[in-house]
Amino acid sequence: MTQTAVDLSTDAQAEICEALNQCVAETAVTTMLAQNFHWNVTGMAFAPLHELFQQIYEDHFAAQDDLAERVKALKGHANGVLAEMVKASKVDEYPDSKGASAQDMIKAMLAAQETLTQTIGGAGELAAKHGDTLTEDLCIERGRTHEKFAWFLRAHLDG
Ligand SMILES: [Fe+2]
């Protein structure tokens, strides 16, 4: 049976919120990474990559809000402090993007999407363990989106 936010124990809520805040942090770092690449990508594939990176940051910007608002529904604190998010994130920024090739950017963004799939997948599994199917559903949907973007990016490297 579905456990609603109020049915969950305080410990379960806290555990799920911690996992979701990690997802928010990594999604936020990837949002900025995608915007950085959207601005700075160069080369023959400029137009489609400029567009793809925009698609990614727009998706991720909306997703970080959905994930953080799920934290609030579970009575947690949504961590919106950028410096803490960067520190906690397993997705790294790309400080050397000046002069980076389009291929370098695609590889870095692909790695970010794969990391996000893992982190959000883990949060979904934790939610499932506690019977929190509503959080699990959100995480599954996000996992599908990250795998779709990973495919889009990988397709550029296969050509
Ligand atoms: Fe733009």
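Reading from the N terminus, the elements of this chain go α-α-α-α-α. That makes 5 helices and 0 strands, in a model that is predicted. The radius of gyration is 16 Å, close to the 15 Å that the globule rule gives for 159 residues, so the chain is as compact as a globular protein of that length. If you lay the C-alpha trace along its principal axes, it spans about 55 × 30 × 20 Å.

Now for the inside and the outside. Out of 159 residues, 45% count as buried. The chain exposes about 8500 Å², and carbon and sulfur atoms supply 54% of that area. What about contacts along the chain? Take those with a separation of 6 or more: 83% of them come from residues 24 or more positions apart. As for charge, the chain carries 12 positive and 24 negative charges, and the mean positions of the two sets are 1 Å apart.

**Rings that meet**

The chain has 4 aromatic pairs. One of them joins Phe 37 and Tyr 94 edge-to-face, with 5.5 Å from centre to centre and 80° between the planes. Where do these two rings sit? Phe 37 belongs to helix 1 (residues 10–40), while Tyr 94 is in the loop between helix 3 (82–88) and helix 4 (102–129). They are 57 residues apart, so this pair links distant parts of the chain.

Are the two partners buried or exposed? Phe 37 has a relative accessible area of 0%, so it is buried, since the cut-off for that is under 20%. Tyr 94, at 23% relative accessibility, counts as partly exposed. There is a third ring to look for as well: ring pairs link Phe 37, Phe 53 and Tyr 94 into a cluster.

**The loop between helix 2 and helix 3**

Next, find the loop that holds Asn 79, between helix 2 (46–73) and helix 3. Ala 78 lies in the loop between these helices too, and Lys 75 is also found there. Here is how open each of the three is:

| Residue | Relative accessible area | Class |
|---|---|---|
| Lys 75 | 57% | exposed |
| Ala 78 | 24% | partly exposed |
| Asn 79 | 23% | partly exposed |

Lys 75 is worth a click for its backbone: its phi is near 65°, a positive value in a residue other than glycine. With a relative accessible area of 57%, Lys 75 is exposed because the cut-off for that class is over 50%.

What does Ala 78 touch? Leaving aside neighbours within four places in sequence, Ala 78 is in contact with Asn 21, Ala 68, Val 71 and Lys 72. For a distance to try out in the viewer, go from Ala 78 to Leu 8: they are 70 residues apart in sequence and 18 Å apart in space, C-alpha to C-alpha.

Asn 79 has its own set of partners. With neighbours within four places in sequence left out, Asn 79 is in contact with Asn 21, Val 24, Glu 84 and Met 85. Asn 21 therefore turns up in the contacts of Ala 78 and in those of Asn 79. Val 24 is 55 residues away from Asn 79 along the chain, yet their C-alpha atoms are separated by 8.0 Å.

Methods
Residues numbered from 1 in each chain as written. Predicted model: local features only at pLDDT ≥ 70, side-chain atom pairs only at ≥ 80, totals over all residues. Heavy atoms only, no water. Helix = DSSP H or I, 4+ residues; strand = E, 2+ residues; numbered from the N terminus. Rg over C-alpha atoms; globule rule 2.2 N^0.38 Å. Buried < 20%, exposed > 50% of the residue type's maximum accessible area, 1.4 Å probe, protein only. Contact = heavy atoms within 4.5 Å. Areas by Shrake-Rupley, 256 points an atom, 1.4 Å probe, with all protein chains shown as cover. Lys, Arg positive; Asp, Glu negative; His and termini not counted. Charge placed at Lys NZ, Arg CZ, Asp CG, Glu CD. Phe/Tyr/Trp six-rings, centres within 6.5 Å; stacked < 30°, edge-to-face > 60°.
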